[in-house]
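Biologist: Please take a close look at the pocket with the greatest volume in this model, and begin with the part of the fold that contributes most to its lining. From there, please work outwards into the surrounding structure.

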Amino acid sequence: MIKLRSLSKTYKLGAQDVNVLRNINLDVSTGEFIAIMGPSGSGKSTLMNIIGCLDQPTSGTYELNGMDITHYNDAELSKLRNKSIGFVFQQFQLLPRLTALRNVELPMVYAGVNKKERKERAILALEKVGLADRVEHLPNSLSGGQKQRVAIARALVNHPNMVLADEPTGALDTKTSGSIMELLTELNAEGTTILIVTHEPEIAEYTDKTIVVRDGEIIDESLNREGLKTL
């Protein structure tokens with residue numbers, strides 16, 4: 001599904017080149033559940049942004065579903081993101097004046113889905129994450145866990161090939177974090193490819209594989225043991 005080869009990312013900081021990623025080689029198969037870990041400044045978020053088509057590498061190649069998308073322009077990347085990738089963020093990124101239903105409908109608005117189908121699919125997505133009774137609630141009337149469930153419903157509503165979650169439990173307490181990770185585990189079991197960025201080993205244990213990034217390089221890839229997927 002994902003194939004990164006000799007991928008690097010360099011930023012200009014004045015006259016200096018800052019190498020954020022160096023010679024990244026990574027394969028992700030359809031249906032995998034992967035955690036990306038590393039200290040602050042390690043390059044893990046930049047790696048996730050490139051995988052999510054929010055950024056582009058300076059060198060190397062990125063193949064997604066068999067297509068080389070390394071040199072796609074902004075319009076092509078935007079279309080690909082909307083069709084193939086769902087995003088979940090630490091701070092939920094919900095629009096405060098829109099109900100849960102309307103927030104979940106947004107990706108379909110950009111995809112050109114008609115109003116009737118948008119509503120039907122959004123309700124189904126909210127039901128899937130256990131929020132059938134919160135459809136018309138505004139974000140400020142939802143708990144942190146409920147907000148993240150809305151964000152997950154929004155990420156799923158266009159039936160993406162994969163979901164990218166950047167610290168999805170970072171703003172949540174331990175119990176709520178466990179319920180969110182259980183939900184992501186269920187979605188993965190249904191066939192959704194999921195990659196999460198996390199700094200918490202307890203969260204990484206829910207996944208099938210942990211990739212450790214340090215100083216812009218992948219320094220370790222390890223399979224997680226069975227039976228550890230509880231907080």
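Modeller: The largest share of the lining of the largest pocket comes from β6, which supplies four residues; helices (H or I, at least four residues) and strands (E, at least two) are here DSSP runs, numbered from the N terminus. This is a predicted model, in which local features need pLDDT of at least 70 and side-chain atom pairs count only at pLDDT 80 or more, while totals for chains, interfaces and linings use all residues. Residues are numbered from 1 along each chain as its sequence is written, and side-chain values use heavy atoms, with hydrogens and water left out.

Besides β6 (85–89), the elements that each supply at least two lining residues are α2 (74–84), α3 and α5. The lining comprises 16 residues, and those nearest the centre of the pocket are Asn 82, Phe 87, Pro 107, Tyr 110 and Arg 154. The space in this pocket comes to about 470 Å³, a volume being the space filled by probe spheres set on grid points that are joined across faces, edges and corners. On a 1 Å grid over the protein atoms alone, a pocket is an open set of points with protein on both sides within 12 Å along at least five of seven lines, a cavity is a set where a 1.4 Å probe fits but cannot get out, and lining residues have an atom within 4 Å of a point.

Two of the elements that line the pocket, α3 (100–111) and α5 (144–156), also belong to the interior. In the largest nonpolar core, which has 38 residues, the members touching the most others are Val 104, Leu 126, Val 150, Ile 152, Leu 184 and Ile 196; such a core is a set of buried Ala, Val, Leu, Ile, Met, Phe, Trp, Tyr and Cys residues joined through side-chain atoms within 4.5 Å. Buried stands for under 20% relative accessible area, exposed for over 50%, and partly exposed for what lies in between (1.4 Å probe, protein chains only). The elements giving two or more residues to this core include α3, α5, β3 (33–37), α6 (174–189) and β8 (193–197), and α5 gives the most, with six residues. Setting aside residues up to four places away in sequence, Ile 152 touches Val 88, Val 129, Ile 180, Leu 183, Leu 184 and Leu 187, where contact means heavy atoms within 4.5 Å. Phe 87, one of the residues close to the pocket centre, is instead a member of a second, separate core of 28 residues, which also includes Cys 53, Tyr 62 and Met 162.

Cys 53 and Tyr 62 reappear around an enclosed space. The largest cavity, of about 40 Å³, is lined by Ile 50, Cys 53, Asp 55, Gln 56, Pro 57, Tyr 62, Ile 69, Thr 70 and Leu 77, and the structure holds one cavity of 30 Å³ or more.

Strand β3 can be followed further. Five of its five residues are buried, so β3 is largely enclosed by the rest of the structure; Phe 33, Ala 35 and Met 37 lie on one side, with Ile 34 and Ile 36 on the other. β3 pairs in the parallel sense with β8 over four bridges, two strands counting as paired if DSSP finds at least two bridges between them. Leu 195 in β8 is the bridge partner of Ile 34. Four bridges likewise join β3 to the parallel strand β9 (residues 209–214), in which Ile 211 is the partner of Ile 36.

There is also an open sheet of four strands, with antiparallel pairing in the order β2-β1-β4-β5. Its edge strands, each paired on one side only, are β2 (16–28) and β5 (67–68). Helix α1 (residues 44–51) packs on this sheet through contacts with β1 (2–13), β2 and β4, and its direction makes about 120° with that of β1; the axes are lines fitted to C-alpha atoms, for helices over the stretch in contact, and angles run from 0 to 180 degrees between N-to-C directions. Within the sheet, β1 and β2 pair over nine bridges, with Lys 12 opposite Asp 17.

Finally, at the end of α5, His 159 lies in the loop between that helix and β7. His 159 has a positive phi of about 55° although it is not a glycine, and its 60% relative accessibility makes it exposed.
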